[in-house]
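Reader: I have a model open on my screen and would like to understand how its charged and nonpolar side chains are arranged. Could you walk me through it?

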Amino acid sequence: MLPQYQMNDILHYEGYSEEVQPSYTYKMLIDDEKIVGHIDEQEALAQAIYKQINTEADMYPIYTNYGIKKRDLFGKPKPYAYMEIQRRIKEKLILDDRINRVHTFIYDEKNSIGGNLVFSFEVDSIFGSFEMKEVLEIW
């Protein structure tokens with residue numbers, strides 16, 4: 001019988017340790033389409049979440065395993081699209097080691113006008129908890 005080892009056990013034995021990489025990055029001004037200065041921690045994580053949600057998965061060869069698939073939701077009923085996007089966001093964001101939990105999704109039916117799907121959710125992270133609000137076009 002072969003011995004069973006976890007990768008972390010081997011790395012620690014070899015003198016390696018796992019550490020969370022810094023979140024320091026450039027600050028994007030989305031509405032102005034500019035990059036100015038730098039951000040870190042919670043603000044950088046919120047920006048990373050925004051980028052994950054607003055990048056279509058499997059569309060750009062440079063982004064492997066990045067983004068959320070949304071194209072197949074175009075034209076679908078909003079309640080279905082909301083439930084599906086909620087599941088996809090949770091599955092994608094929990095892979096980030098800075099995120100502990102994604103929860104409390106709230107569908108904003110009043111502002112989900114035309115082809116827009118408006119919702120918010122909460123993120124519990126190593127930097128604290130915060131709320132994200134998103135508007136996705138599904139029609």
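Reader: Does Arg 88 count as buried or exposed, and at what relative accessibility?
Author: Happy to start there, keeping in mind that this is a predicted model. Buried means under 20% relative accessible area. Arg 88 falls under that cut-off and so counts as buried, its relative accessibility being 12%.

Reader: Which residue does Arg 88 meet in a salt bridge at 2.8 Å, N to O, and what parts does the pair tie together?
Author: In general, side chains of opposite charge can pair when their charged atoms come close. Arg 88 lies in helix 3, while its partner is in the loop between helix 2 and helix 3, so the pair ties together parts that are 16 residues apart in sequence. That partner counts as partly exposed, at 31% relative accessibility. The residue you are after is Asp 72.

Reader: Which residues are linked with Arg 88 in a network of salt bridges?
Author: One bridge in helix 3 joins Arg 87 to Glu 91, with the closest N and O atoms 2.8 Å apart. These two are four residues apart in helix 3, so about one helical turn separates them. Arg 87 is partly exposed at 38%, and Glu 91 is also partly exposed, at 45%. The residues linked with Arg 88 in the network are Asp 72, Glu 84, Arg 87 and Glu 91.

Reader: How many residues apart in sequence are the parts tied together by Arg 71 and Glu 56?
Author: Arg 71 and Glu 56 form a salt bridge, their closest N and O atoms being 3.8 Å apart. Arg 71 is partly exposed, with a relative accessible area of 42%, whereas Glu 56 is buried at 9%. Both lie in the loop between helix 2 and helix 3, so the parts they tie together are separated in sequence by 15 residues.

Reader: Turning to the nonpolar side, which element gives the largest share of the largest nonpolar core?
Author: In soluble globular proteins, nonpolar side chains tend to be buried together. Here the largest nonpolar core has 22 residues, and Ile 49, Ile 85, Ile 89, Phe 119 and Phe 121 have the most contacts inside it. Helix 2, helix 3, strand 3, strand 4 and strand 5 each give two or more residues to this core. The largest share, five residues, comes from helix 3.

Reader: Leaving aside its neighbours within four places in sequence, which residues is Ile 49 in contact with?
Author: Ile 49 is among the residues with the most contacts inside the largest nonpolar core. With neighbours within four places in sequence set aside, the residues in contact with Ile 49 are Leu 93, Ile 99, Phe 121, Val 123, Phe 130 and Met 132.

Conventions: Residues are numbered from 1 along each chain as its sequence is written. This is a predicted model: local features need pLDDT of at least 70, side-chain atom pairs count only at pLDDT 80 or more; totals for chains, interfaces and linings use all residues. Side-chain values use heavy atoms; hydrogens and water are left out. A nonpolar core is a set of buried Ala, Val, Leu, Ile, Met, Phe, Trp, Tyr and Cys residues joined through side-chain atoms within 4.5 Å. Buried means under 20% relative accessible area, exposed over 50%, partly exposed in between (1.4 Å probe, protein chains only). Contact means heavy atoms within 4.5 Å. A salt bridge is a side-chain nitrogen of Lys or Arg within 4 Å of a carboxyl oxygen of Asp or Glu.
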